[in-house]
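These are my notebook entries on a structure that I am reading for the first time. I set down what I looked up, entry by entry.

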Amino acid sequence: MTAVLFDMDGTLLDSEKLWDIAVFELSSALGKDLTPEVRESTLGNSMMGALRKVYAHVGVDATDEALAGSAGWLNARVAELFGEGLPWRPGAKEALTMVREAGLKCALVTNTERALTEMALDTIGRDFFDATVCGDEVDATKPAPDPYLRAASLLGVDPSRCVAVEDSPTGTESASSAGCAVVVVPSEIEVPAGARRTFRTTLDGLTLADLQAALV
């Protein structure tokens, strides 16, 4: 194992609940209340990917102008919610500390855009990471492999020797398709089983041996 690559929303931070508030508010403003099923389908998506699903649910034409306007509103609303405080997921800070103290390379890999990620890093701490990759910095976002491939490239490591830590089907597929082993800690919805996917109910008690075993 040469590096550990962490997702952010739902993995390190219990921030999906804050996104819930903003996405439900946006859907209502567009004319139709969001269903839990549609919200679940957006988890781990890029901003535009999630918005297109909301627009399809509401029945509003997803023009470039409309999507850009909604993205701006959603970013501003989530920034407001982030500013009120970001809670950690159980065991997440301890896991980051363990990886850093072990001298392993570490990256943050998220579909969240850079501006909001920088706000979140005020809570998480920038010193944990040797690289960060955001959704607006790659050609294709999760579930495409691009974010994880970029992180491995920035760290100068082989993706197949990396362990990703993820919570969503979208993120897990991204890491798997990049060649990473994945420790999956579902936060909101079930993640399908697959090759080199190790499942945990929490990051509490995670050890280096657990991460190393995920590579098998």
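Entry 1: a helix crossing. Before looking up the handedness, I note the convention: a crossing is right-handed if the near helix is turned clockwise from the far one by less than a right angle, and left-handed if the turn is anticlockwise. The model before me is predicted. By that convention, I record the crossing of α3 and α4 as right-handed. Helix α3 covers residues 47-58 and helix α4 covers residues 64-83; I find that their axes come within 10 Å and cross at roughly 110°. The crossing therefore makes α3 roughly perpendicular to α4. I then looked up the residues that make the contact. From α3 they are Met47, Met48, Leu51, Arg52 and Tyr55. From α4 they are Ala66, Leu67, Ala68, Ser70, Ala71, Leu74 and Asn75.

Entry 2: the sheet. In which order do the six strands of the open sheet lie? I read the order as β3-β2-β1-β4-β5-β6, with parallel pairing. The edge strands are β3 (131-133) and β6 (197-199), each of which pairs on one side only. From one strand to the next, I find a twist that averages 20°. I also looked for a helix on this sheet: α5 (residues 92-101) packs on it and touches β1 (3-6) and β2 (105-109). The direction of α5 makes about 155° with that of β1.

Entry 3: strand pairs. I took β2 with its two partners. Strands β1 and β2 run parallel and are joined by four bridges; in this pair, Phe6 stands opposite Leu108 of β2. On the other pairing, three bridges join β2 to β3, again in parallel, and there Leu108 stands opposite Thr132 of β3. Is β2 largely enclosed or open? Four of its five residues are buried, so I record β2 as largely enclosed by the rest of the structure. I also looked up β4 (residues 162-166) and β5 (residues 181-184), which pair in the parallel sense over four bridges. Here Val165 stands opposite Val183 in β5.

Entry 4: a residue in an edge strand. I chose Thr198, which lies in strand β6. Its relative accessible area is 32%; because the partly exposed range runs from 20% to 50%, I enter Thr198 as partly exposed. Which residues does Thr198 contact, leaving aside its neighbours within four places in sequence? I find Val182, Val183, Val184 and Ala214. As a longer comparison, I looked up Leu104, which is 94 residues from Thr198 along the chain; their C-alpha atoms are separated by 20 Å.

Entry 5: cysteines. A disulfide is a covalent bond between the sulfur atoms of two cysteines. How many disulfides does a search of the whole structure find? The search finds zero. Cys134 is in none, and the nearest cysteine sulfur, that of Cys106, is 14 Å away. Cys134 has 1% relative accessibility and therefore counts as buried. Cys162 is also in no disulfide; for Cys162 the nearest cysteine sulfur is that of Cys180, at 5.2 Å. The cut-off for a disulfide is 2.5 Å between sulfur atoms. I find 0% relative accessibility for Cys162, so this residue counts as buried.

Notes. Residues numbered from 1 in each chain as written. Predicted model: local features only at pLDDT ≥ 70, side-chain atom pairs only at ≥ 80, totals over all residues. Heavy atoms only, no water. Pairing = 2+ DSSP bridges. Helix = DSSP H or I, 4+ residues; strand = E, 2+ residues; numbered from the N terminus. Axes fitted to C-alpha atoms, helices over the stretch in contact; angles between N-to-C directions. Contact = heavy atoms within 4.5 Å. Buried < 20%, exposed > 50% of the residue type's maximum accessible area, 1.4 Å probe, protein only. Parallel < 35°, antiparallel > 145°, perpendicular 65-115°, else oblique.
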